[in-house]
Amino acid sequence: MALTIYKSSAGSGKTFTLVKEYLRLVLLNPQDFSRILAITFTNKATEEMKHRILEALLQLGQGEKSDYLALLATDLPQFNEQKIRAQAEKAYDLIIHNYSRFEVVTIDSFFSKVLKSFARELNLPLTYEVEMNTKMALKASIEELYRDIESHPEIKQWLTKFSFHQLEEDKSWNVDKNIQQLGENLFKELFEKGLEGDSLAMNDLYELLNQLKKQKANYENTFIRLGRKALSLIDQHEVALADFSGGAMRSVANTFQKWTQKNFELTNTFVSTTRGEKSWYAQKSPKKDAIQGVLDAGLLDTAQEALAFYESNEPEYLDAKALLKNMYGYGLLEHLHGELKKYRDKHNVMLISDTNSILRKVLNQADAPIIFEKIGSHYKHLMIDEFQDTSDFQWQNLLPLVENSLAEGNEVLIVGDVKQSIYRFRGGNLNLLLRQIQEDLAVYYTPETERILADNYRSLQQIVDFNNKLFEKLPSAMAQHESVMDATFFEQAYKGHTQTIKKGEGGYVSVGFYENEEYQENIVRDLVVAMKANKDLDYVYSDMLILVNQKKHVLPITQGLLEADIPFVSDESLKLKSNLPVQFVLLLLRYLDRNADEVLVLELIVQFQRLQANSLLQAAYTDKNSRMTLKDAGFPAAFIDKQHELKQQALFDLVCELLLIFQLEEEADLYLQQFLDIVLEQSQKGKNSIASFLEWWESEGSDKNVSIASNDGAVQILTIHKSKGLEAPLVFIPFADWSIQPSGNSEFWTTQLPERFKKLRFYPLTFSKNALINSSFEDAFYQESAENAMDTLNKTYVAFTRPKHKLFVFSKAFDQNTSKSIQHLLRPIVEQMGGKEVAHSDHVSFTFGEDHPKPTETDVEDNEMEVKDKEMEKNSVLKVYPKVSFLNQLHIRNDSNRFFMLQETSQAKAIILGNQIHDVLSGVVIQEDVPMVLQQRIQSGEMSKLTAQKVQERIHRLFEQPEMLQWFSGGYEVFNERILWHEGSKHKPDRLMFKDKEAVVIDYKKDKEDEAHKLQVQRYMRALKALGYTNIRGYLIYVEHAMLKEVNYA
Amino acid sequence: MLETTCTFHQLIVDRLTTADLPDLKKQCFVFPTKRGGLFFQRALLQKHGQHDFMLPTIFSIEEFVQHMTGRHITDELTLLFVLYEMYSARDKSLAFDTFYAWGKIILKDYDEIDRYLADAKQIYDSLQNIKEIDHVFGYNDEFREIIARYRTLTEKQEKTKLLTEFLEIWKQVGLVYGPYKEKLLKQEKAYGGMLYRSLAELLTQDHFEHPFAHYHFCGFNALSKSEEVIFDALVKGKRATLYWDIDQHVLDDPKEEAGDFIREYRAKWPNAIFFDADSLKISKTINVHGVPQNMAQGVLAAERALDYLNQGAEPEETAIVLADEKMLIPLLYLMPMSEHKLNVTMGYPMRSTVVFDFVMSYLDLWSKVTERDGESIFHVYDLRPFLSNAYTSVFFPAVYQSMNELFKSEHRSRVQLSELKEWLNVQALSALFDIKQDWGGIYQAINTYLTSVFYHFKEKEEHPADREFIYFFLKSLNQLNDYLGHHPDLSLKLVKKIIQEHFRSIKIPFEGEPVEGIQVMGFLETRTLDFKNVIVVSANEGKLPAARKTNSYIPFGLRKVFGLPTFEEQDAIYAYHFKRLLQRAEHIDLIYDHTSMGDSKGEESRFILQLKRQLQHLSQVAWQEKTYESHYNPNQLDATITIPKTEKVMQLMGKYVEGNAGNKFLSPTSLTNYITCPLKFYLKNVAGFYEQDEIDEDMDARHIGLVVHKVLENLYQRLNEEVTEADITHFQKRVKKVLNEVMMAQRIIQPNQKLTGRDLVTEQIMEQMIQKVLQNDKKDTPFIIRGIEADDYEHHFQIPYAGKVRLGGSIDRMDEKDGVMRIIDYKTGKAEFLTTKNPTDEEFIDKHFEDPKYKSGFQGLVYALLVSNTLNNPLKVGITSMRNLSQGTKWLKDGANLDQALLSEFESRLEVLVREIYDPEIPFTQTADEERCKYCKFAGLCQRSNDSAF
Ligand code: SF4
């Protein structure tokens, strides 16, 4: 059973299975835990898995009840229960005492570890940080692109042409947005892969561009010419367009006019008429003869010429148009890519996307052993979770490890669910799980390799039933969609989706289809009703989860909830920047950074007053000459007068000082707390100036959310994408009317280029059926649209499988003409599922099962949680606010008195030389030590070479004294700056020298003689006496004047 | 101190009798850290303070080794420079900044090789000559297996790129080791390992003149091989006593990685002294706190410490241990220090200081300077961080504002060095620019400037901390300059990187009486110390123990074979320190971050798991786990703003009334502001709040509008004459020139400065736009220009309570064609037009009053109204949008003349609007449509979402 692939479904206990498999391996051989690499996708998943493994081992080891026991007993028939428990205990102890070897890791952290260990081999900076903020990097790179254009005339030219092109097309001449949008792709691995190999030189690209333009113009001009010709013929024969078949509105001859108006479409009627399949005029038309006359006079020829031209040139024309659309932006990407590289070097960062692509270039199947050596771990078994979210590069990088493992006969365990693959936009490729893996690991595939986890432990019966039925039909319905060609893709992906109910009876599903224009309001109305009704059925608001497809749908919902007084949390309400104290601090920073304009001051004052629950707006009732100042507004003097001082603080300190000054403690809560945490984190990353922090904030920080531990009593609103992996008793999906294909201007990249454009390698096309059908990109279009449809299908699957008890879906009743959105597929299926159908004034609803009160939880998992909650003391609340301005309270070492030592001015020199001589002498035992001590001072930066020389000269002069020579010649036992303990206090003479009972004590002094010096030495002498020395002499040495003074014993 | 148990240091002191005191001066006590020595000294004096005696020598192990060898450990930077010289001699293209980081690793590898007395030659040869090694040494099976693995690697026929690189680097590292050490020796320099190895060698020889009578090694744990040899030699010579501090049960339990080392030493030196805290018997309370993020950990730590003090604990017995150093500053802010003394054995990070920032921005400036025609030119963009740094404004407080003003008024994106010197007319500041542009010059300038800042602060007795920062900065910089000064070839960019690297880890120490107050320290500072109350912050996996690092060029397997430490040893060392720290503690708080935000994974330290398993069930241990959440203030902010028309407001609005001071018109734009949002109208047009522009680094949209207007005005100067096709052809030829003139006049281009960067493109765009307008006009010839920027038309409304309200504005262009007067407005942006087919006059007008989307049309209609009072021609209103030039000028009502009926209808609607504006009963309110707030500069005030970040 070397290779096992678990195909899971929503709520099928995927993590449970993984944990069980992990346990099986470590119970078999506890030491093996250090040789299992378990890979998950998110930190959260890692944590959960680690936690579950440890908990299970502990429970088993301590003889407690465990869900895993029975299963493990089956898997390990050679062990009895006692043995299992003993092994578990052993494994647990091994793990907690060798925890670094317990490798349940995210795929990103694992590969970044690998990359770091090869930093040198790959010529990467060693201390790089991983930059998540690609937006900022991109923006900076675009800026650089511009700044450099003097030295790159071809880029300048290109940019100018780009702008002109935009002007021609009546679009903004400012092309930044455009470049930015395309530039986002630089962070995607598809791009990396697509653009491998030689790039097209700018000049060649330019040539191609002109060629395409010419081609396009030629095509269009031909039609304009033919159109004009036709119109003038018609005119000459005194016939009107309306006289032709079809009449005024739909005249077949209107086509000619449209060409002259730059609409180059050929209607079906026109084509068939030209081909002679239809008549140009109604048989009863009075103008019949005249029209026939025009036709004979050349109109028919013209039409046929046009048709022939169309038939032979349209595909190429479409190609040209499609390519031209993005060519200007495309042309800059390569350079932008270069700028990004420079950005990385300059900022010493790796972009989050870099790891996988760099590794992919160097890793090679043969490299698993060397990876192991480098990171110091030799893995036997591998486990990979959420495989459907793996990207191509990630898989290619994993492959050497996987193959190594399998080749050595170890176990590889892969878990994933194609149906829950919704991260294609981040690089997740469901085809890996669907087919690729089977190809790549064909040698290891056996009939047992693939297993299906078919149980559902999450949802009650009605939910599971509903989804079983729905997803039986929805994939094939999706495959019928007009833009999809390949049905097997969908069938394969949803094969084996049917789940067995494990959770129990009950559950409820309601699906409503809403008519008419106000459907949104009506849905919100009914949403609120449903929530309130469930509140009466013992549910609490925190049991409820609202899923939306797009962020923009949140607003109407929150408005409804606000009106109905239902508490909620959404991403938007959790934005850090929505909090007043945070805003205020940011304003203060902005003010300090840039000094204010009037608007900023006004805002500052108003926010300041709001913080004091004072909503008077006096500041706004002013004109130019009477503006309210911060002082007028009552800002503390500590702020107004000390701005300069404040700015002199590092960012984190500054923010704390501001908080201390403004005393916002009352208003402070988790928003401000997390803001402080962010400031701390950012200053740790080197953003220490206000400006650099604000720059970061603008590009990224302002998107930051607070996270709250428990949404006590509040409904949660999430996008479907963020709900993956979550569950809730009640799930509401208002606006289940998402479109199947992306709207408007979305782009996709393709390598499927016709031969003559192969050099472009990888190219962005605008996703549009009209523009691409019949062009060379038709296949690429269909492929993309199938992928899009799969995304939509999976999104639907994820959304519908979140509920534990009840699901409420609100959708739009469809209008007949289009089939672009999901409700067109949903409705027919739901109608046939045999639910209860009820027609309401503005909608029709289908319900499944009976609505019921909240069931009391019986299953183990939930119970356990509750018990644990009780065990733990109720969560305490912490309030964060700075208390004290520490720099003023804490002593920093007063080393700066030695500042002089750094100086070379003549005045400074005179004062400091004495200090320095003293300092050097304290390190000297015998004369020969002097050069070494000096050397050391130079190296530590405290002395320049020049100074050292001076010091040496002085010391030399000191040694001209015969006593000195004697003392420093090695005949004495020497103690420099040694502490004497005498009469309960410390004494620290500069130099003590002993020879038998003889003791000499010396203190070095800078300049001027002083009575106090003498007293000090005398104290030392008394101390020596107390220590039992009889022959004691004391000296003062004035280093500046090289003078020696004996001190009498007193 | 501790009543129940003695600290480690007290236990040592307890072994000394009064009779031993006189001998102490000849003895030497060695501790792992300096701080350990201090605590020992304190314990010694506490016990024997009533006697007179000379203290023994007390060393940290590092000081000990230096003292014994009489040599000094050279600072890392110097060592790196020497190493770099050797490497760059082999590879000329090697840059120091890239070398810096991995040079450190090589250095550490060398250091360890020597500390562990490994045979460097073998290590580095091992990959090359792996076969011999195999039979030369009698390795055990594990090692054999490792070596076999390496053999397979090296013997691979087809080596992957990665493997080749790996082997190549390996070879290099090995080749340099010997010569590097030789070179250091010659220069009397040394890294730590060299001294350890040499002391180990010295002591194993017969003659060694011992400077001390006896040695005491106290509180060690993991010994390097050389330390082991040193200790062993001294123990064997009966000159040393070893003191180990470890729980017996840790020692006895082979599972405990904390005992791994000492278990070995127990066997090796059976006569050593073991202090067994027997901590399982001590009653303890252990609290594990799961806390959200960092700040909250700081709060809790402070809270716990104060609790202990309030319960009567001595501050000295209480330690806050920071497993993550970055927690220091937050903790200090969260600790109410006014009441309690704090002793901090950590430092303030240099790179967080503003002085560091200052120097970086200054260097950045010079590294980006460009040369043109012998002049140095700065980009305003690069100047900004420098000018806004607080240190720049020490002698010139308003430097940023005044420069900002200057740049703005002159539309500057670039500045010449000579100008800058002139402007920064403060001696200290201009001296920063009056320099030779190389490192030497820059270094001098920094030195001089910071010195004067230092004295400036000193004189005013201000900013003691800053003075300290400057001192430390300059001290380190001097050190660096010693090297940099000798390498004039280094580019400034490189110098900057080196400085950045160098200061990355430098800390400015705090100082206080070491054994007074609550003790705050990093985890490793706790070595040999004991506290009654221990609070550990950041007890997260990944921080405690510190994250596993693979920074070495000696791969894991070979490290094992050659007895070099690996991360496993590292973990065991942490385990020892952690367990030891808790041995004698009675109250323990372990605080960890339970969220997965920032650098946290939310995982509690393994040591917590270990403790829990070992202690939780003991009756004398009170074990408690707790989680915390953040305080949450659910108050919702009401951001509604309403401005009632108070007397004051009415008075402000008086400026648009005839006869009042100010002499202002209500402009079409201000009226559309009102339609968009009454509050916006109030703030902008009544109260007149004006947003200062940021410095324009490049020409932006506003410039484009201005310039295009001006150029067209310039070209169409001649009023009232017919403009012909030939005229326009002539204009077209002049565009470039006029454009240039206008940009000069508007100070967008400075004399003798060229456009650069983005402006080059913008210039072309403007030219293209003008050409397009002209092209369109050409098709329209002949026509007669009747007015350009005409602003002499007015319209009045008599409004109750207010008076005669004046409307007016400046009309971009009026021309006459075929007797029709055409009013044309140029728009830089996009203009939307009513698309309804054949609307009635009423619909037409309604739309323009309701939806700000059609503001161009509205404004055009106001102009038409203004003009219609004076002129009798038929009127047309057109808008030329620079965004829609291919369509030419678009005409309201599809180009039909605006008839009188429409205009009077419009007029009466307008009057209603103006009445509303002046109606005292109707306050100025916020628009309900948030879309309209998108680009509004008051969005922050209104708490509306906006494209900008605020
Ligand atoms: S932000 Fe919105 S509401 Fe506030 S003034 Fe601007 S437009 Fe009006």
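Which residue forms a salt bridge with Asp109(B)? I looked this up first, keeping in mind that the model is predicted. The partner is Arg559(B), and the closest N and O atoms of the pair are 3.2 Å apart. I then checked where the two residues sit. Asp109(B) belongs to helix 5 (residues 96-115) of chain B and Arg559(B) to helix 24 (residues 556-561) of chain B, so the salt bridge ties together parts that lie 450 residues apart in sequence. For the whole structure, over all chains, I noted 107 salt bridges.

**Entry: where chain A meets chain B**

I turned to the contact between the chains. Chain A puts 169 residues into the contact, and chain B puts in 178 residues. The size of an interface is often given as the accessible area lost when the parts come together. I therefore wrote down that area: chain A and chain B bury about 15900 Å² between them, with 57% of it on carbon and sulfur atoms.

How many salt bridges cross the interface of chain A and chain B? I found eleven. One I looked up joins Arg613(B) to Glu89(A), with the closest N and O atoms 2.7 Å apart. I also recorded 58 residue pairs in polar contact between chain A and chain B.

Which helix of chain A gives the most to the side that touches chain B? I noted helix 28 (residues 670-684), which gives nine residues. Sorted by class, the side of chain A that touches chain B has 67 nonpolar, 47 polar and 55 charged residues.

**Entry: strands**

I found a strand pairing that runs between the chains. Strand 21 (residues 876-878) of chain A pairs with strand 18 (residues 621-630) of chain B in the parallel sense, over three bridges. Opposite Leu878(A), in strand 18 of chain B, stands Ser630(B).

I then looked at a pairing within chain A. Do strand 19 (residues 836-839) and strand 20 (residues 843-848) of chain A run parallel or antiparallel? They run antiparallel, and four bridges join them. The bridge partner of Lys836(A) is Thr847(A), in strand 20 of chain A. Three residues make the hairpin that joins strand 19 of chain A to strand 20 of chain A.

**Entry: the ligand**

Which residues are around the ligand? I listed Cys677(B), Leu679(B), Lys680(B), Gln926(B), Thr927(B), Arg932(B), Cys933(B), Cys936(B), Phe938(B), Ala939(B), Cys942(B) and Arg944(B). By class, I read this shell as seven nonpolar, two polar and three charged residues. Helix 29 (678-686) and helix 36 (939-942) of chain B each supply at least two residues of the shell.

**Entry: backbone details**

I looked up cis peptide bonds in chain B. One joins Leu544(B) and Pro545(B), with omega about 0°. Pro545(B) is in the loop between strand 16 (533-537) and helix 24 of chain B. That helix is the one in which I had placed Arg559(B).

Another cis peptide bond joins Thr781(B) and Pro782(B), with omega about -5°. I placed Pro782(B) in the loop between helix 32 (757-780) and strand 21 (783-790) of chain B.

Where in chain A is Asn774(A)? I found this residue in the loop between helix 31 (769-772) and helix 32 (778-800) of chain A. I noted Asn774(A) for its phi near 80°, a positive value in a residue other than glycine.

Notes
Residues numbered from 1 in each chain as written. Chains lettered and ligands numbered in written order. Predicted model: local features only at pLDDT ≥ 70, side-chain atom pairs only at ≥ 80, totals over all residues. Heavy atoms only, no water. Contact = heavy atoms within 4.5 Å. Buried area = accessible area lost by both parts, 1.4 Å probe. Salt bridge = Lys/Arg side-chain N within 4 Å of Asp/Glu carboxyl O. Polar contact = N/O pair within 3.5 Å; in protein donor to acceptor, adjacent residues only side chain to side chain. Nonpolar A, V, L, I, M, F, W, Y, C, P; charged D, E, K, R; others polar. Pairing = 2+ DSSP bridges. Near = heavy atom within 4 Å.
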